[in-house]
Amino acid sequence: MNRDAWASYVNAFHHRYPGITQDVLRLARNHAGLTPYGWIAAELPPVGLVVDLACGAGPLAELVGSSRWLGLNISAAEVGRARDEGVRGVVRADVRAVPLASASVDTLVCSMALMVAPVADVFRESARLLRPGGCLIATTPTWRGQGWADLRRTWTLWRAWGDRPQFASRSRESARWATYYGMEVASDLVDRFDLPLDRDSAQLLADSLYAPRSTDESRRRLVDGLLTLPDGNFSLVLRRQRWVVAPLRTSRGPTP
Ligand SMILES: C[S@@+](CC[C@H](N)C(=O)[O-])C[C@H]1O[C@@H](n2cnc3c(N)ncnc32)[C@H](O)[C@@H]1O
């Protein structure tokens, strides 16, 4: 799928299911009882403006505090759900051209969107927007840290489904674009979030996955597969990275 077709698919997906990512992730907890959003909030500095790139329906707003949170999203449906739920500070905007001044932001967040949005633009805009000493904190799904049993279980599910989640880019592309725009990783952690499964949460999880070829029938097979998992949980394994602008960067390398 080319970039424009992918962007149209993602837009139509969120039009159909506004806020579905937060509906799923708010059900999942790590060993410390944090949701994936609480895990991001735990990494944020206590003061300064936080700009949430591709913010969905704004699940981080209440955790950061609306006085210092600004969320940007391209989808009218996602922004509409946020506003319907009283989230303040959410603006319809494209991460390819963020309508904010250069060096004006203390912290950028990108929750579960680096692999969906145009990643080169996210890093170009991040390097432009951040004040000296600022950082970008991003979460993405990952295979890292998963043992054979986890991987086998996931492959079995995808086989029953006859499909698998699709993304616009992989983590190594993030790493290359980050380097190109003069950013480097300051911390990199993986954690596991257990999502308790019943028919409703399994359906929500199945519906929340980007899978352009999937049908209602194939998703039903995925739901049935999820409901047969032995411990009644689905483990979401997420990676949280914090990027900072590299201090002595003077010139760019070749375009990735
Ligand atoms: C998986 S959702 C994550 C939403 C939210 N950050 C969360 O964690 O709940 C990905 C989001 O990226 C947004 N998105 C995709 N491309 C974008 C772009 N070019 N500019 C702004 N938002 C974009 C989608 O509209 C969607 O809300």
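The following paragraphs go through the sheet, one of its inner strands, the ligand shell and a single helix residue of a predicted model.

The sheet is open and has seven strands, in the order E3-E2-E1-E4-E5-E7-E6, with mixed pairing. Strand E3 (90-92) and strand E6 (183-196) stand at the edges; each has a single partner strand, so one side of each is left without a neighbour in the sheet. On average, and ignoring direction, neighbouring strands are turned by 20 degrees against each other. Strands of a sheet pair through backbone hydrogen bonds, and the pairing is either parallel or antiparallel.

Starting from strand E1 (residues 50-53), the pairing can be followed to either side. Towards strand E4 (residues 105-111), E1 runs parallel and is joined by three bridges. Within this pair, Val-50 stands opposite Thr-107 in E4. Towards E2, the pairing of E1 is again in the parallel sense, over four bridges, and here Val-51 stands opposite Leu-70 in E2. E2 in turn pairs with E3 in the parallel sense over three bridges. Gly-71 has Val-90 in E3 as its bridge partner. The connection between these two strands involves helix H5 (residues 76-84): E2, H5 and E3 make a right-handed β-α-β unit.

How many residues of strand E2 (residues 69-73) are buried? Five of its five residues are, and the strand is described as mostly covered. Trp-69, Gly-71 and Asn-73 point one way from E2, while Leu-70 and Leu-72 point the other way, and all are buried. Two of the bridge positions named above belong to this strand: Leu-70 stands opposite Val-51, and Gly-71 is the partner of Val-90.

The ligand is surrounded by 21 residues, of which Ala-54, Gly-56, Ile-74, Ser-75 and Ser-111 come nearest. Helix H1 (3-16) and helix H2 (20-25) are the elements that give two or more residues to this shell. By class, the shell holds 11 nonpolar, seven polar and three charged residues.

The last stop is Ser-171, which lies in helix H8 (residues 171-180). Why does Ser-171 count as partly exposed? Ser-171 has 19 C-beta neighbours inside 10 Å, and a residue is buried if 20 or more lie within that distance, exposed if 12 or fewer, and partly exposed in between. Leaving out residues up to four places away in sequence, Ser-171 touches Thr-140 and Thr-142. Asp-121 is 50 residues apart from Ser-171 in sequence, and the two are 15 Å apart in space, C-alpha to C-alpha.

Conventions: Residues numbered from 1 in each chain as written. Predicted model: local features only at pLDDT ≥ 70, side-chain atom pairs only at ≥ 80, totals over all residues. Near = placed C-beta within 6 Å. Nonpolar A, V, L, I, M, F, W, Y, C, P; charged D, E, K, R; others polar. Pairing = 2+ DSSP bridges. Axes fitted to C-alpha atoms, helices over the stretch in contact; angles between N-to-C directions. Right-handed = clockwise from strand over helix to strand, strands pointing away. Contact = placed C-beta atoms within 7 Å.
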